[in-house]
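Visitor: I would like to learn how to read the features of a model like this one. Can you take me through them in turn?

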Amino acid sequence: MTRCISCQGRNGRAFLLENLVNILVGPKENRQLLTGLHTVADVLCLQCHEILGWKYVKAYEESQRYKEGKYILEKAKVMREDR
């Protein structure tokens with residue numbers, strides 16, 4: 001697992017991962033993100049179908065191409081903070 005200090009999901013911090021299991025991958029769409037235009041597909045939990053993050057399909061900026069084929073997993077969706 002790779003944790004990016006600057007990785008952000010819709011709900012805050014996120015993890016950049018090479019592999020995920022027990023997921024469904026939604027349809028591809030172009031999205032303007034903080035780091036530029038990307039083709040992405042939402043990643044959903046296999047059981048509850050909650051959106052957990054997205055998969056980078058294509059990055060249009062050369063500096064972002066390292067993300068292609070990787071996943072963003074939002075920390076808020078998979079971890080509960082102790083109260």
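Guide: Start with a loop. Asn22 sits in the loop between S2 and S3. Keep in mind that the model is predicted.

Visitor: What is the sign of phi at Asn22?

Guide: Positive, at about 60°, although Asn22 is not a glycine. Asn22 counts as exposed because its relative accessibility is 57%, and the cut-off is over 50%.

Visitor: Where is His49 found, and what is its phi?

Guide: His49 is in the loop between strand S4 (36-45) and S5. Its phi is near 65°, again a positive value in a residue other than glycine. With a relative accessible area of 46%, His49 is partly exposed.

Visitor: Now the interior. Which residues make up the largest nonpolar core?

Guide: Look for buried nonpolar residues joined through side-chain atoms within 4.5 Å. Here the largest such core has eight residues: Cys7, Ala14, Leu16, Leu33, Val40, Trp54, Tyr56 and Ile72. Two elements give two or more residues to it: strand S2 (12-17) and strand S5 (51-59). Another core, of five residues, lies apart from it and includes Leu17, Cys45, Leu52 and Leu73.

Visitor: What is Leu33 in contact with, beyond its neighbours within four places in sequence?

Guide: Leu33 is in contact with His38, Val40, Trp54 and Tyr56.

Visitor: How many aromatic pairs does the structure hold?

Guide: One. Check the angle between the ring planes: over 60 degrees counts as edge-to-face. Trp54 and Tyr56 form an edge-to-face pair, 6.2 Å centre to centre, with 80° between the planes. Both Trp54 and Tyr56 are buried.

Visitor: How many salt bridges are there?

Guide: Four. Take Glu29 with Arg31, where the closest N and O atoms are 3.0 Å apart. Glu29 is found in strand S3 (residues 23-33). Glu29 counts as partly exposed, at 38% relative accessibility. Arg31 counts as buried because its relative accessibility is 14%, and the cut-off is under 20%.

Visitor: What else does Arg31 bridge to?

Guide: Asp42 forms a salt bridge with Arg31, with the closest N and O atoms 2.9 Å apart. That pair links distant parts of the chain: Asp42 is in strand S4, Arg31 is in strand S3, and they are eleven residues apart. Both Asp42 and Arg31 are buried.

Visitor: And where is there an exposed partner in a salt bridge?

Guide: Look at Glu62, which is exposed, with a relative accessible area of 61%. The side chains of Glu62 and Arg65 meet in a salt bridge, 2.8 Å from N to O. Arg65 is partly exposed, at 34%. Now look for shared partners: salt bridges join Glu29, Arg31 and Asp42 into one network.

Visitor: What does Glu29 touch, leaving aside its neighbours within four places in sequence?

Guide: Glu29 is in contact with His38, Thr39 and Val40. The C-alpha atoms of Glu29 and Ala41 are separated by 6.3 Å, though these residues are twelve apart along the chain.

Visitor: Last, a charged residue without a bridge. Is Lys67 buried or exposed?

Guide: Lys67 is buried yet has no salt bridge. A bridge needs nitrogen and oxygen within 4 Å. The nearest side chain of opposite charge, Glu61, is 8.9 Å away. Lys67 lies in the loop between S5 and strand S6 (71-74). Not counting residues up to four places away in sequence, Lys67 touches Thr35, His38 and Tyr56.

Conventions:
Residues numbered from 1 in each chain as written. Predicted model: local features only at pLDDT ≥ 70, side-chain atom pairs only at ≥ 80, totals over all residues. Heavy atoms only, no water. Buried < 20%, exposed > 50% of the residue type's maximum accessible area, 1.4 Å probe, protein only. Helix = DSSP H or I, 4+ residues; strand = E, 2+ residues; numbered from the N terminus. Contact = heavy atoms within 4.5 Å. Lys, Arg positive; Asp, Glu negative; His and termini not counted. Phe/Tyr/Trp six-rings, centres within 6.5 Å; stacked < 30°, edge-to-face > 60°.
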